[in-house]
Amino acid sequence: MVKYAVLGSGSKGNSYVVYAQDQGILIDVGFSYRSMTDRLAQAGLSSSSIKACLITHLHPDHDNGLGVFLNNNPIPYYISSQAIKLNHHTYNRLKLNTRLERKFEMPGSIDIGPFHIDTFPTSHDSLGSAGFCIGVEGHKLTIITDTGTYDQEMVDKARNSDVLFLEANHDLDMLHNGSYPPWLKARIEGQRGHLSNMQARQLLCDIDFNCSRQKLYLIHISDENNSREALNKAFCDYPGADFCFQKQTRLGTLDF
Ligand SMILES: [Zn+2]
Ligand SMILES: [Zn+2]
């Protein structure tokens, strides 16, 4: 059986876990150690069951708990070689134990215990940012977040996933009419920003997403520029889609 959880998602912190055969992998560590252990406990897991961390990109809402997590639980962390090379000041500031560092290329693949992970580039203003397609026990879970646009590779990964974690960051009208300064609005809706509800819906359309066979979690939802009403409207053709607002943990399992 494969267990997975959205431990938290949004601008204040992001983390996901996938667990099978007595071992878990984290995708991003955007919360304090205490918060991470609380969130893992809600998913019925302990931090000692986590055997590796994958990092999508070097922004604080995805990496600011990583250093302390590794101090408490020294496990390998995987990060793209481009992310290290192109953001070395940001990376060095995290003061990570680099003996635990494992670099990956994009596209490429990583094997960790029962997990086979395909990596692919996303389009974001933290260079070297990545998405992951995690294969385990015949299932596929794909995470596409923090990307201003999507390409054929992401479409292909999303298409055959049993579980899709897909960014639906903002409603474009709410962003345009909201209180953010013009430069920030431009950043969010830019090619290296975040996916809007409409872009996420278009991706689902492109892959002919099937609600009866596939499970959808909409993630990295903006508190400021999105709402349940806007999401209900944009994703009315996708009943069962789970809107992952900031504070809640989401759990799921995949059985044969
Ligand atoms: Zn983010
Ligand atoms: Zn980001």
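How many of the 6 residues of strand β2 (residues 15–20) are buried? In this predicted model, 5 of them are buried, so β2 is largely enclosed by the rest of the structure.

**View 1. The open sheet and its edges.** The sheet comprises 7 strands with mixed pairing, arranged in the order β6-β5-β4-β3-β2-β1-β14. Its edge strands, β6 (101–104) and β14 (250–254), each pair on one side only, and neighbouring strands are turned against each other by 20 degrees on average when direction is ignored.

**View 2. Strand β2 and its partners β1 and β3.** Strand β1 (residues 2–8) runs antiparallel to β2 and is joined to it by 5 bridges, with Ser-15 of β2 serving as the bridge partner of Gly-8. These two strands form a hairpin with 6 residues between them, in whose turn Gly-10 has a positive phi of about 140 degrees. Strands β2 and β3 likewise run antiparallel and are joined by 5 bridges, and Tyr-16 has Ile-27 in β3 as its bridge partner. In the hairpin of β2 and β3, 2 residues lie between the strands, and Gln-21 adopts a positive phi near 50 degrees.

**View 3. Cys-53, from strand pairing to the nonpolar core.** Strand β3 (residues 23–27) runs parallel to β4 (residues 50–54), to which 4 bridges join it, and Leu-26 stands opposite Cys-53 in β4. Not counting residues up to four places away in sequence, Cys-53 touches Leu-26, Val-29, Leu-66, Ile-75, Tyr-77 and Tyr-78. The largest nonpolar core has 64 residues, and those touching the most other members include Cys-53, together with Val-17, Val-18, Leu-54, Tyr-78, Leu-166 and Leu-218.

Terms used:
Residues are numbered from 1 along each chain as its sequence is written. Chains are lettered from A and ligands numbered from 1 in the order in which they are written. This is a predicted model: local features need pLDDT of at least 70, side-chain atom pairs count only at pLDDT 80 or more; totals for chains, interfaces and linings use all residues. A nonpolar core is a set of buried Ala, Val, Leu, Ile, Met, Phe, Trp, Tyr and Cys residues joined through C-beta atoms within 7 Å. A residue is buried if 20 or more other C-beta atoms lie within 10 Å of its own, exposed if 12 or fewer, and partly exposed in between; C-beta atoms are placed from the backbone. Two residues are in contact if their C-beta atoms, placed from the backbone, lie within 7 Å. Two strands pair if DSSP finds at least two bridges between them. Axes are lines fitted to C-alpha atoms, for helices over the stretch in contact, and angles run from 0 to 180 degrees between N-to-C directions.
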